[in-house]
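Reader: I should be grateful for a close look at a single part of this model, with the criteria stated as they arise. Which part would you choose, and what surrounds it?

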Amino acid sequence: MKLVSACLLGIRCNWNGTDEYRNEKIIKLLKNEVLIPICPEQLGGLKTPRIPQEIQSGTGEDVLNGKSRVKNKAGEDVTLEFIRGAEEALKIARQYNIKEFIGKSRSPSCGCGLIYDGSFSGKLIRGDGVTSALFKRNGIKVIDEEDWWIQEVENG
């Protein structure tokens, strides 16, 4: 059993309310594994569709440490919603004894390894989204959908 970013399963929960992040390779996993979809941004109280948001001058770890904020493109602070969503996602992981999460790459919530830099310019920095950072703090393996596929190919 794994948690997975709901948008990767085609659930219309991403920022613009489309299924553009649907990942057929991950959907095929449903034949052999139980995947529990989560959208930390919705769990935190943000609506869909919503204004794009990015972590400002930091990473998800910085947000959890109170050193950075998450703001949307209109300048509104949505940090509390991101933290609340991450905490709710962690509750789900604990309830089901989940040890692995497949996240949406570059997301300010679910991204792992690379996220947007907060300038809304498309520039990437090293770091994790808020939920991924909280999962890692709590011993849950986090992998983004692009790295997951590479591992699947390498492991046969």
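Author: Contact here means heavy atoms within 4.5 Å. The model is predicted: local features need pLDDT of at least 70 and side-chain atom pairs pLDDT 80 or more, while totals for chains, interfaces and linings use all residues. Residues are numbered from 1 along each chain as its sequence is written, and side-chain values use heavy atoms, without hydrogens and water.

The part chosen is helix α5, residues 130–137 (helices are DSSP runs of H or I of at least four residues, strands runs of E of at least two, numbered from the N terminus). Six of its eight residues are buried (under 20% relative accessible area, 1.4 Å probe, protein chains only; exposed is over 50%, partly exposed in between), so α5 is largely enclosed by the rest of the structure. The buried residues are Val130, Thr131, Ser132, Ala133, Leu134 and Phe135. After the helix comes Gly139, which has a positive phi near 80 degrees.

A partner of α5 is helix α4, residues 79–95. The two axes (lines fitted to C-alpha atoms over the stretch in contact; angles from 0 to 180 degrees between N-to-C directions) approach to within 9 Å and cross at roughly 45 degrees. On the α4 side the contact is made by Phe82, Ile83, Ala86, Glu87, Ala89, Leu90 and Ala93, and on the α5 side by Val130, Thr131, Leu134 and Phe135.

Val130 merits separate attention. Setting aside neighbours within four places in sequence, Val130 touches Phe82, Ile83 and Ala86, and also Ile55, Gly60, Val63, Leu64, Val70, Pro108 and Ser109.

Val130 and Phe135 also belong to the largest nonpolar core (buried Ala, Val, Leu, Ile, Met, Phe, Trp, Tyr and Cys residues joined through side-chain atoms within 4.5 Å); of its 24 residues, these two, with Leu3, Ile38, Val70 and Phe101, touch the most other members. Strand β2 (35–38), α4 and α5 each supply at least two residues of this core, and α4 gives the largest share, six residues. There is also a second, separate core of 13 residues, among them Leu8, Cys13, Ile27 and Ile102.

Leu8 recurs in the surroundings of Lys104, a residue of the loop between β5 (100–103) and β6 (114–116). Lys104 is buried, with a relative accessible area of 11%. Beyond its neighbours within four places in sequence, Lys104 is in contact with Leu8, Ser5, Cys7, Tyr21, Cys110, Gly111 and Glu145.
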